[in-house]
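Reader: I would like a close look at one part of this protein, taken slowly and with the reasoning spelled out. Please choose a helix and show me how its sides differ, and then move outward to the charged pairs.

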Amino acid sequence: MSDPMNVLAPEHRRLRIGDAWRDAASGATFAVEDPATGKTIAEVADADVVDGLAALDAASKAMAEWAATPPRKRSELLTATYRALTERSEEVARLITLEMGKPLAEARGEVAYGAEFFRWFAEEAVRVEGRYSAAPAGGYRILTVPKPVGPCVFVTPWNFPLAMGARKIAPALAAGCTTITKPAGQTPLTMLLLARIMEEVGVPPGVVNVVTTKRSGTVVSALLADSRTRKLSFTGSTEVGRVLLRQAADNVLRTSMELGGNAALIVCADADLDVAVDGAMVAKMRNIGESCIAANRIYVEEPVREEFTARFAERMGALSVGHGLDDGVDVGALIDEASVTKIDGLVADAVDRGARVLVGGERPDGPGHFYPPTVLVDVPDDARMLEEEIFGPVAPIISFTSDDEVLAKANDTEYGLVGYIFTRDLQRALRFAEGLDTGMLGINRGLISDPSAPFGGVKQSGIGKEGSHEGIREYLDLTYAAIDLP
């Protein structure tokens, strides 16, 4: 088995600032671990405020020239990035698995998904349009001109270390913005590799800067306090999102916030159970359940509850657990010990309140941060796992007897990111689509993410949309000019 670390040379495990790969000003580093073994796989630069501001210097200096770069040229560079990621898919995927823990098949899927953002926004780069029209009252003309918002700060999570960065960097570059990305401390290597790839395909210095740090709060706060920063995009927990929104308010920054979720997956009695079980497996277990759009609460209508539960539990119990780089593994390691401890506590809380474990429920002995696929039934409404984002391979199943009942329960959360509904009744599906307080909905489908579709939530699950035609608008300001023309 080749070493996945070979794709990222030691000199590229440093900060990417302007035209250079540099150590942190303090010389500090931090360790990156393989979550399946707990062993250190690399040391990367640990930036402080001075390094973050150096990255902002570089992004600010590059801004005017990048904004003036012809859209076709920006498009070609994004297309080149897409091609490079596609050609090097296996290398990138192995690195993702090594630092994040997901099975290699899942990592390959992430590379394909992340690369598609560069292809999609390469196409959008040349289609940014304003308008020219006569004023309704006559006497002058209305001209609207879209312009890039300016230097952008991105804070990305560990669960999709390539795709979440791609989903922000691609539209920003397409719009003519420069960027500073602060990847999660658990998974900085993939973002550093992406920056290296973009350097190789010819993206100019200062356009894509990457600052790795364990001092995220201090570094990001300094960037948001600087008036040169004009946009913040964050993917992560609602708790951290609230803090960043308060900080962003001081300089009235444009923000895109993709925050936590508590997705309800609803299986109606008239559903095709083959489709429902397949969809529930995808919605629950994609990325080991470590996803903001993972099915957190599975509601099954009483007439089919027993059959669905038996079939779903059998599928969950058949999944293999192990190192993500090993052949035949379905479920890799969770990101760290804190995640395992949290999930173990959520299961224990539910059992203490009367829930029964059908599959899994006990963490294994040995090294690594593993937790088995777990199914619980008879989960009471006051169980913590129905209120908190599980972020792991644990599925609580709750029965319901009417649409009004399940809609009330599904909406009884501060979150509103996504929901899933399985039914063969079109009118019923549309009633759920209108009744669920979510920004997205999967109808007879457990996978909804697509670069060509607008991704984002409502309530405390976020602000703004990523992907689709809407995604590039998050990086554009609009100037209106009134032109006298009698």
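Author: What follows is a walk around one helix and then on to salt bridges elsewhere in the chain. The model is a predicted one, and the description below should be read with that in mind.

The helix in question is α8, which runs over residues 238-249 and has 12 residues. From its first C-alpha to its last, α8 reaches 16 Å, close to the 16 Å expected at 1.5 Å a residue. Its buried residues are T238, G241, L244 and A248, and because these cover an arc of only 115 degrees around the axis, they lie on the same side of α8. An α-helix has 3.6 residues a turn, so residues three or four places apart point the same way. On the other side of α8, E239 and R246 are exposed, each having over 50% relative accessible area. The buried residues of α8 pack against α7 (216-225), β10 (231-235) and β11 (254-258).

The loop between two of these neighbours, α7 and β10, holds R228, and this leads to the charged pairs. R228 forms a salt bridge with D57, and the closest N and O atoms are 2.5 Å apart. The partners come from distant parts of the chain, since D57 sits in helix α1 (residues 49-68), 171 residues from R228. D57 has a relative accessible area of 28% and is therefore partly exposed, while R228, with 29%, is partly exposed as well. Side chains of opposite charge can pair when their charged atoms come close.

A search of the whole structure finds 33 salt bridges, and two others may be set beside this one. In one of them, D378 pairs with R356, the closest N and O atoms being 2.8 Å apart. That pair also links distant parts of the chain, with D378 in the loop between β15 and β16 and R356 in strand β14, 22 residues apart. D378 is partly exposed because its relative accessible area is 45%, and R356 is partly exposed because its own is 44%. Salt bridges that share partners also join R16, R88, E91, R196, E199 and E200 into one network. Within that network, the side chains of R88 and E91 meet in a salt bridge at 3.0 Å, N to O, and E91 counts as partly exposed because its relative accessibility is 35%.

Note on methods
Residues are numbered from 1 along each chain as its sequence is written. This is a predicted model: local features need pLDDT of at least 70, side-chain atom pairs count only at pLDDT 80 or more; totals for chains, interfaces and linings use all residues. Side-chain values use heavy atoms; hydrogens and water are left out. Helices (H or I, at least four residues) and strands (E, at least two) are DSSP runs, numbered from the N terminus. The expected span of a helix is 1.5 Å times one less than its number of residues. Buried means under 20% relative accessible area, exposed over 50%, partly exposed in between (1.4 Å probe, protein chains only). The arc is that of the directions from the helix axis to the C-beta atoms. Contact means heavy atoms within 4.5 Å. A salt bridge is a side-chain nitrogen of Lys or Arg within 4 Å of a carboxyl oxygen of Asp or Glu.
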